[in-house]
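Visitor: Please take me through this structure by question and answer. I would like each term explained when it comes up.

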There are 2 protein chains.
Amino acid sequence: MSISLETFFLDPSTEGTLQARIQQMVAQGILAGRFRSGERLPSSRKMAEHLGVSRITVTLAYTELVADDYLTSRGRSGYFVSDNAPEPPAFTAQRARTTTVDWNRALGHRYSDGLGMQKPSDWAQYKYPFIYGQADPTLFDTANWRLCALQALGKRDFAALTADYFDGDDPQLIEFIARQTLPRRGILASPDEILVTMGAQNALWITAQILLTQRRRAATEDPCYPALRSILTQARCQLSHIPVDSNGLPPDLLPRDTDVVFTTPSHQCPTSATMPVARRKALLERAERDDFLVVEDDYEFEMAFLGAPSPSLKSLDDTGRVIYVGSFSKSLFPGLRLGYLVGPAPFIHEARALRASVLRHAPGHIQRTVAYFLSLGHYDALVRRTSKAYHDRRQVIDAALAAEGITVAGEGAYGGSSVWLRAPAQINTTLLAQHLRDKGVLIEPGAPFFAGDSPPQNYFRLAYSSIGPKRITEGVALIGQAMREMM
Amino acid sequence: MSISLETFFLDPSTEGTLQARIQQMVAQGILAGRFRSGERLPSSRKMAEHLGVSRITVTLAYTELVADDYLTSRGRSGYFVSDNAPEPPAFTAQRARTTTVDWNRALGHRYSDGLGMQKPSDWAQYKYPFIYGQADPTLFDTANWRLCALQALGKRDFAALTADYFDGDDPQLIEFIARQTLPRRGILASPDEILVTMGAQNALWITAQILLTQRRRAATEDPCYPALRSILTQARCQLSHIPVDSNGLPPDLLPRDTDVVFTTPSHQCPTSATMPVARRKALLERAERDDFLVVEDDYEFEMAFLGAPSPSLKSLDDTGRVIYVGSFSKSLFPGLRLGYLVGPAPFIHEARALRASVLRHAPGHIQRTVAYFLSLGHYDALVRRTSKAYHDRRQVIDAALAAEGITVAGEGAYGGSSVWLRAPAQINTTLLAQHLRDKGVLIEPGAPFFAGDSPPQNYFRLAYSSIGPKRITEGVALIGQAMREMM
């Protein structure tokens, strides 16, 4: 039996090359049981005419399907669905008709309260996306990333790609972090003091799970990264929110019974404040005196274009009190999900065991790709290129904000990728953001960064990591105009 | 100043092409501050002679380093370290001289007790690796995997690659799972009932965190996958271990106050028993009567070569009591870390929030690569090829075990990738495994699969997923011989 030509159409919503889409169309028809073993496909000529594509494209798609044993070729008789093609299931799919489960009762723990700030997933469609932490395709080094990924996919690396690392990591990546990345932050660490994580978020989460209990007190910055506050809330510890000033976290304000302090000394998130060396030392002295640990999220240290970054807090740590969190996701792209945790071996041992239980390890291919990208020097080259672009953008945004008379409440001492702004007290920046969205401008209202039930409503953050200089000026003008209209 | 030729040597431990290794050598010297701005590199001719490589290789490496702005080319004067090359840090790296932290006290929660079974990381070097769940390079479709990964790295997919999905997943992957993968297991689900996880391990962990509390009772199979027992222990719930028989988990043995049952009906891990449909229905009836939930790890359902797999437990679930765990890591490779969770929307909502807090989402590139591999039909083709190979291997291992008189305690009704064996009572299989390791044979002792302080010592598992037919016969003969020696 021949399969009718009219059965075939290229779903306009599918992506990929024409050949791939034809392959998909045939394979999915077989998988779904619409085309059965022994049935004959239209000739490549007829299929090509029907779909309006070239005949060679159809022939190549058929050839691939033969290789995967979906089709067999019987010389001049044409292509047939193979006898070995996958069989559709003998049963039909169904869903539960009803539910007798009381989900209010069945859910033992809830986590959905802390979802916090949401960004529109189509942010890239907006003309003025002052949005934080997304990849800019005009700056990213796609070509070399592809080459490294390809190298990591090679036969030579099959073991690294597929390896079940159990509770270990890619040794090449760990070695580069230990020998090159950490020394540049003033840190020496051996492999048993380093753990690869699914981004900084995962590193912070693991740390909180290990160090905190219901009886322990964590201190965090206020304002701070909302996801960190969710992590600490879920850890069900006691929690102090310490107001930051223009030098970041003031150690004097920490309660005496603090057990663990979470801080972002390089660039405080979201104010971008950089903690001066004197204050870093004071914080470490307090840690020693009051016997607490410090978790340093070395947030955006690499975005330093106004001056060399200070050494990390951990590099000043004489007594092993600092746990260090680094990330590749920020300078590469957030979809990468790759970061690392550095700390004393007993801590890393527990972190490794917890990670093994939660997710085993970060995918081998990603680890190896990053190892190549780092070791070939592409990473540092990318950071420098990005920093230069951010330097230009920072000058443009500073000028534009000054021209509009918008008050800068915080900026990084040696760089960063965002500025923290204070609107006049009567402006609610959540409303401002809604208003601006209709004009193609995305800003981040400040309220979700603050702790407590009545956060200040007049702060906002503008990031310049995904928007070029020309659009920055236009966008800031639209923000200024909207603020004047709301006054 | 010229950099002396003698400074350069190719570290024999590095991997990659010669060109890449030369690039690494120069880039790392610059990053480490050994080569400074303005210093001249040896000419490509001299460097090539010194390293014993062709001149074009050195020239290509230099050209790449110019593109990344590590070097500048000054025409006939040669190559110099660029003025824009990364600066080494102004401070030196150090580690804490001492520690004043009492880590026994500082660690609030410990996770390292449950590490369980370890496999040698160099298992592939053994001649007879009867080891479970590792990728076999002779079966895996590396070529098409590379093509799919490459396609997912294309400019067209830049957004999918880099996207910060926040708490979402790759829509293409979710759509394929919903439209093709799940219907083949008899399941209909909408996107808000599906969550992508870091492998089945991560899916089970998330489920336990949400459904269990200190007051709730989980029931699991005995023996069972040791990592699942760790997950349940860490969830600090009440825990019942239910002895399985040749039909898997017997529902009659479940305590009345059970809240959540974890089961592997397709192939019980590790006995490979398949739960018959009548028992599946009895389990669901008990679930309804006693108001508990069932977590179905649809373990290895796709390795079905002796008969068509039964529909999943979830497909029989009329009242929404089954949470379904699927995995791509097993049929692709464990280093992939990709699985999924299917359940009622209120549950998936909480699972999504927890995953966002712990790790945000699985890397975008991996999700998109799998989406292509699935939709082009390569995945099903791979599963079929693998199943055929396993079918051959299963016949060989059955014959070899019979010839050696080794008792099979469990085998999958329609396939699987391992057999579960019982040695005579006086044989301790942990000692047997140590003994065999010296002869190049890796087997898995059974004790870690059992609950309790005095597990039976005479069970073991032999997997045939990473060992070809010829080696199976030889290896089983060595096992038989070792067993006779130990008697």
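Guide: We start with terms: strands (E, at least two residues) and helices (H or I, at least four) are DSSP runs, numbered from the N terminus, and two strands pair if DSSP finds at least two bridges between them. This is a predicted model, in which local features need pLDDT of at least 70 and side-chain atom pairs count only at pLDDT 80 or more, while totals for chains, interfaces and linings use all residues. Residues are numbered from 1 along each chain as its sequence is written, chains are lettered from A and ligands numbered from 1 in the order in which they are written, and side-chain values use heavy atoms, with hydrogens and water left out.

Visitor: Which residue is the bridge partner of V295(A) in β9(A)?

Guide: Strand β8 of chain A covers residues 293-297. It runs parallel to β9(A), and 4 bridges join the two. Across this pairing, the partner of V295(A) is I323(A).

Visitor: How many bridges join β9 to β10 in chain A?

Guide: Here β9 (residues 322-327) and β10 (residues 339-342) run antiparallel. Y324(A) has V342(A) as its bridge partner, and V325(A) has L341(A). The number of bridges between the two strands is 4.

Visitor: How many of the residues of β9(A) are buried?

Guide: Buried means under 20% relative accessible area, exposed over 50%, and partly exposed in between (1.4 Å probe, protein chains only). In a regular strand the side chains alternate between the two faces of the sheet. In β9(A), V322(A), Y324(A) and G326(A) are buried on one side, and I323(A), V325(A) and S327(A) on the other. The strand is mostly covered, and its buried count is 6 of 6.

Visitor: Which strands stand at the edges of the sheet that holds β9 in chain A?

Guide: The sheet is open and has 7 strands with mixed pairing, in the order β4-β10-β9-β8-β7-β5-β6. An edge strand has a single partner, so one side of it is left without a neighbour in the sheet; these strands are β4 (194-197) and β6 (238-243).

Visitor: In the sheet of chain A that runs β11-β12-β15-β14, which residue of β12(A) does G410(A) stand opposite?

Guide: This open sheet has 4 strands with antiparallel pairing. β11 (407-410) and β14 (444-445) are at its edges, each with a single partner strand, so one side of each has no neighbour in the sheet. β11(A) is joined to β12 (residues 418-422) by 3 bridges. The residue opposite G410(A) is W420(A).

Visitor: Which C-alpha of chain B is nearest the axis that relates the two chains?

Guide: Two copies of a chain are related by a rotation about an axis and a shift along it. Superposed by least squares on the C-alpha atoms of residues with pLDDT of at least 70 in both, chain B falls on chain A after a rotation of 180° with 0.0 Å of shift (RMSD 0.1 Å). That is the relation of a two-fold axis. At 3.6 Å from the axis, the nearest C-alpha of chain B is that of L150(B).

Visitor: Which side chain of chain A makes a polar contact with that of S112(B)?

Guide: S112(B) lies in the loop between α4 (103-106) and β3 (128-129) of chain B and is buried, at 17%. Beyond its neighbours within four places in sequence, S112(B) is in contact (heavy atoms within 4.5 Å) with H349(A), E350(A) and A353(A). A polar contact is a pair of N or O atoms within 3.5 Å; within protein, one must be able to donate a hydrogen and the other to accept it, and residues adjacent in sequence count only if both atoms are side-chain atoms. At 2.6 Å, the partner of S112(B) is E350(A).

Visitor: How long is the polar contact between the side chains of S44(B) and R55(B)?

Guide: S44(B) is in helix α2 (residues 44-51) of chain B and is buried, with a relative accessible area of 9%. Leaving aside neighbours within four places in sequence, the contacts of S44(B) are R55(B), V58(B), T59(B) and Y62(B). The polar contact that joins the side chains of S44(B) and R55(B) is 3.1 Å.
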